[in-house]
Amino acid sequence: MQKYLYLIIISFSLSSCYTYQVKKQVDPAADNKQDSKKNTASTTAPQMKNTPAESLNAPQAPAPVNIQEKLASGKNVKIDVEGRSYKVIVDKWESDSLVAHPVHNPKKILKFHKNQINAEKIAEKRFSQPIADIITVVAYAAVGVGIYLIVR
């Protein structure tokens, strides 16, 4: 039983509360629909007749993603370049090329052109509260079981 307790402790010491998460894009069309619903509730009927119905339901093109803003210097990100996934720390931008190094190998330099990077799959390293909560609950349970086994 003591082997299993040590195995659990080692596995939790190796796990991390940080995960790579893709930042969700704000959908301007959804925001406009919510705003228009608020406006229609507060406006009177004569004003609605003057507003064309087409302008309320017109689809808007999504805003283009600026890769250089998403990949600022010093960020720890996971990028997809031509089908391969890289976990890198961004060093700088040289005109249209990203200069970065792998997370665990700062001596190796990687260069990617901005057209090679898939902008929709850029994931930033962030703290994950649900994972931290799960690790905490399991750690408390393991400590409780350990105390119970020692006292028994």
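Does Asp96 count as buried, partly exposed or exposed, and what is the relative accessibility behind that label? Let's work up to this one together, with the ground rules in place before the exercises.

This is a predicted model, in which local features need pLDDT of at least 70 and side-chain atom pairs count only at pLDDT 80 or more, while totals for chains, interfaces and linings use all residues. Residues are numbered from 1 along each chain as its sequence is written, and side-chain values use heavy atoms, with hydrogens and water left out.

**Exercise 1. Classify Asp96 and describe its salt bridge.**

Step 1. Take the classes: buried is under 20% relative accessible area, exposed is over 50%, and partly exposed is in between (1.4 Å probe, protein chains only). Asp96 has 33% relative accessibility, so it counts as partly exposed.

Step 2. Find the partner. A salt bridge needs a side-chain nitrogen of Lys or Arg within 4 Å of a carboxyl oxygen of Asp or Glu. Asp96 meets Lys114 in such a bridge, at 3.9 Å from N to O.

Step 3. Place both ends. Asp96 sits in the loop between S3 and strand S4 (97–102) and Lys114 in the loop between S5 and S6, so the bridge ties together parts that are 18 residues apart in sequence. Lys114, at 30% relative accessibility, is partly exposed.

**Exercise 2. Map the element order of the protein.**

Step 1. Recall how elements are assigned: helices (H or I, at least four residues) and strands (E, at least two) are DSSP runs, numbered from the N terminus.

Step 2. Count them: the protein has 6 helices and 6 strands.

Step 3. Read the order from the N terminus: α-β-α-α-α-α-β-β-β-β-β-α.

**Exercise 3. Trace the other salt bridges.**

Step 1. Start with the total, which is 4 salt bridges in the structure. As a reminder, side chains of opposite charge can pair when their charged atoms come close.

Step 2. Look at Glu124 and Lys75, whose side chains meet at 3.5 Å, N to O. Glu124 belongs to strand S6 and Lys75 to the loop between helix H5 (67–70) and strand S2 (76–81), so this bridge ties together parts 49 residues apart in sequence. Glu124 is buried at 17%, whereas Lys75 is partly exposed at 25%.

Step 3. Turn to Lys111 and Glu94, with their closest N and O atoms 3.3 Å apart. Lys111 is in strand S5 and Glu94 in strand S3, so the bridge ties parts 17 residues apart in sequence. Lys111 is exposed at 54%, while Glu94 is partly exposed at 33%.

Step 4. Extend the picture: Lys92, Glu94 and Lys111 are linked in a network of salt bridges.

**Exercise 4. Follow the strand pairing from S2 to S4.**

Step 1. Two strands pair if DSSP finds at least two bridges between them. S2 and S3 run antiparallel and are joined by 6 bridges, with Asp80 partnered by Ser85 in S3.

Step 2. Inspect the turn: the S2 and S3 hairpin has 2 residues between the strands, and Glu82 in the turn has a positive phi of about 50°.

Step 3. Move on to S3 and S4, antiparallel and also joined by 6 bridges. Trp93 stands opposite Leu98 in S4. Their hairpin has 2 residues between the strands, where Ser95 takes a positive phi near 50°.

**Exercise 5. Compare the geometry of the aromatic pairs.**

Step 1. Rings of Phe, Tyr and Trp (its six-membered ring) pair if their centres lie within 6.5 Å; planes under 30 degrees apart are stacked, over 60 edge-to-face and the rest tilted. The whole structure yields 2 such pairs.

Step 2. Tyr18 and Phe127 are edge-to-face, at 5.5 Å centre to centre with 75° between the planes. This pair links distant parts of the chain: Tyr18 in strand S1 (residues 18–22) and Phe127 in strand S6 (residues 123–127), 109 residues apart. Tyr18 is partly exposed at 46%, and Phe127 is partly exposed at 42%.

Step 3. Tyr86 and Phe112 have ring centres 5.0 Å apart and planes at 50°, so their pair is tilted. Tyr86 lies in strand S3 (residues 84–94) and Phe112 in strand S5 (residues 110–113), 26 residues apart. Phe112 is buried at 6%.
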